[in-house]
Each structure stands twice: as structure tokens, then as C-alpha cells.
Amino acid sequence: MLAAQQDGKISFNRMQVGLRLVGLKEAQQLNANYRHKNYATNVLTFEYGVLPDGTAAGDIVICVPVLKREAKEQRKDFLCHAAHLIIHGTLHALGYDHLKPRDAQHMESLETLILAQMGIDNPYLMTEK
């Protein structure tokens, strides 16, 4: 997450993230319990801040059936979409959000930069496949 580290939103020297892959029922339960939204979302992030040793910490939950459905509906490669959701969740774990248009644009630009470094196309551009 060098791009996020260089962005300077928060100061950290390493990152520790747990990744959990879940089904629809567990994703819906987690989203209802923690966000008070009664549906399965594609990615849910728990941000724990920066620990005293400089480690930014968080957990990311990916709902695999939603990931699969979105990839198919949006005509995206499954693994590329999975990478995008993990990066999206990681940025949330670092304190980024997309509640305001300016913040969304900034977060999306970091996502596309990181994905480009991985050889993955901009997920926000609609293309024919």
C-alpha cells in the first residue's frame, strides 16, 4: 500500500489485514449488525487504526457470491474484481471513505493507481468485453 503511505492520510510503517471470505448469510448478518443494513454487501471493512508500533490494522470481509455476481454483471474478470475489492477494503482500513464526492474521487484514484501497478484496468470505466 505504498500509494496510500505516500498519500499521507495517516502515518504508518506497515499494514496488517485479516481477510475473511463469507457466504450471503454471514455477509448479511455482519452488515446488519455493524452497519444496520439488512443485505449482503460485497466488502465490509473493520478499521482498527494504527497500533503503537506503527502497524495499521484492519479486517476485510468479502462476500464471495456478491463478488461473483458483480463480476458477471459488470463483465469483469473475477480475480481482477476480487483484487479491486481487497484494495478498496484495505483503503477503508486505512481510514479512506467515499461518503463525500471529493473523498470518493480521491479514494477511486488511489484504487486505480494501485490496480494499474498490478496490471489491472480501471474498474470504474465501463468497457465492452
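Which residues lie nearest the centre of the largest pocket? Arg-35, Val-43, His-88, His-92 and His-98 do, out of 21 lining residues. Bear in mind that this is a predicted model. Here are my notes, starting with the sheet and coming back to that pocket later.

1. The sheet. We have an open sheet of three strands in the order 1-3-2, and the pairing is mixed. Strand 1 (14-22) and strand 2 (43-50) are the edge strands, each pairing on one side only. From one strand to the next, the twist averages 10°.

2. The parallel half. Nine bridges hold strand 1 against strand 3 (residues 55-63), with the two paired in the parallel sense. If you want a register point to check on screen, take Leu-21, whose bridge partner in strand 3 is Ile-62.

3. The antiparallel half. Strand 2 and strand 3 run antiparallel and are joined by seven bridges. Here a handy register point is Thr-45, with Ile-60 as its bridge partner in strand 3. These two strands make a hairpin with four residues between them, and in that hairpin Gly-54 takes a positive phi near 90°.

4. Helices on the sheet. Helix 3 (residues 64-73) lies across strand 1 and strand 3, and runs at about 70° to strand 3. Helix 4 (residues 78-93) also packs on the sheet, where it touches strand 1, strand 2 and strand 3. The direction of helix 4 makes about 35° with that of strand 2.

5. The aromatic pair. The count of aromatic pairs comes to one. The partners are Tyr-34 and Phe-46, set edge-to-face at 4.9 Å centre to centre, with 85° between the planes. Why edge-to-face? Because the planes are over 60 degrees apart, the pair falls in that class. Tyr-34 sits in helix 2 and Phe-46 in strand 2, 12 residues apart, so to speak a link between distant parts of the chain.

6. The largest pocket. Back to the opening question: this pocket has a volume of about 530 Å³. Strand 2, helix 4 and helix 5 (101-117) each supply at least two residues of its lining. By class, the lining has eight nonpolar, eight polar and five charged residues. Among the residues nearest the centre are three histidines, His-88, His-92 and His-98.

7. The cavity. How many cavities of 30 Å³ or more does a search of the whole structure find? The search turns up one, and about 30 Å³ of space lies in the largest cavity. Its lining is made of Ala-27, Leu-30, Thr-41, Asn-42, Val-43, Leu-44, Val-61, Ile-62 and Cys-63. Helix 2 (24-35), strand 2 and strand 3 each give at least two of these residues, with the largest share, three residues, coming from strand 3. The classes here are seven nonpolar, two polar and no charged.

8. Residues that turn up twice. Val-43 is among the residues nearest the centre of the largest pocket, and Val-43 also lines the largest cavity. Ile-62 is another one to click on: it is the bridge partner of Leu-21 and part of the cavity lining.

Note on methods: Residues are numbered from 1 along each chain as its sequence is written. This is a predicted model: local features need pLDDT of at least 70, side-chain atom pairs count only at pLDDT 80 or more; totals for chains, interfaces and linings use all residues. Side-chain values use heavy atoms; hydrogens and water are left out. Two strands pair if DSSP finds at least two bridges between them. Axes are lines fitted to C-alpha atoms, for helices over the stretch in contact, and angles run from 0 to 180 degrees between N-to-C directions. Contact means heavy atoms within 4.5 Å. On a 1 Å grid over the protein atoms alone, a cavity is a set of points where a 1.4 Å probe fits but cannot get out, and a pocket is an open set with protein on both sides within 12 Å along at least five of seven lines; lining residues have an atom within 4 Å of a point. Grid points are joined across faces, edges and corners, and a volume is the space filled by probe spheres set on the points. Ala, Val, Leu, Ile, Met, Phe, Trp, Tyr, Cys and Pro count as nonpolar, Asp, Glu, Lys and Arg as charged, and the others, Gly among them, as polar. Rings of Phe, Tyr and Trp (its six-membered ring) pair if their centres lie within 6.5 Å; planes under 30 degrees apart count as stacked, over 60 as edge-to-face and the rest as tilted.
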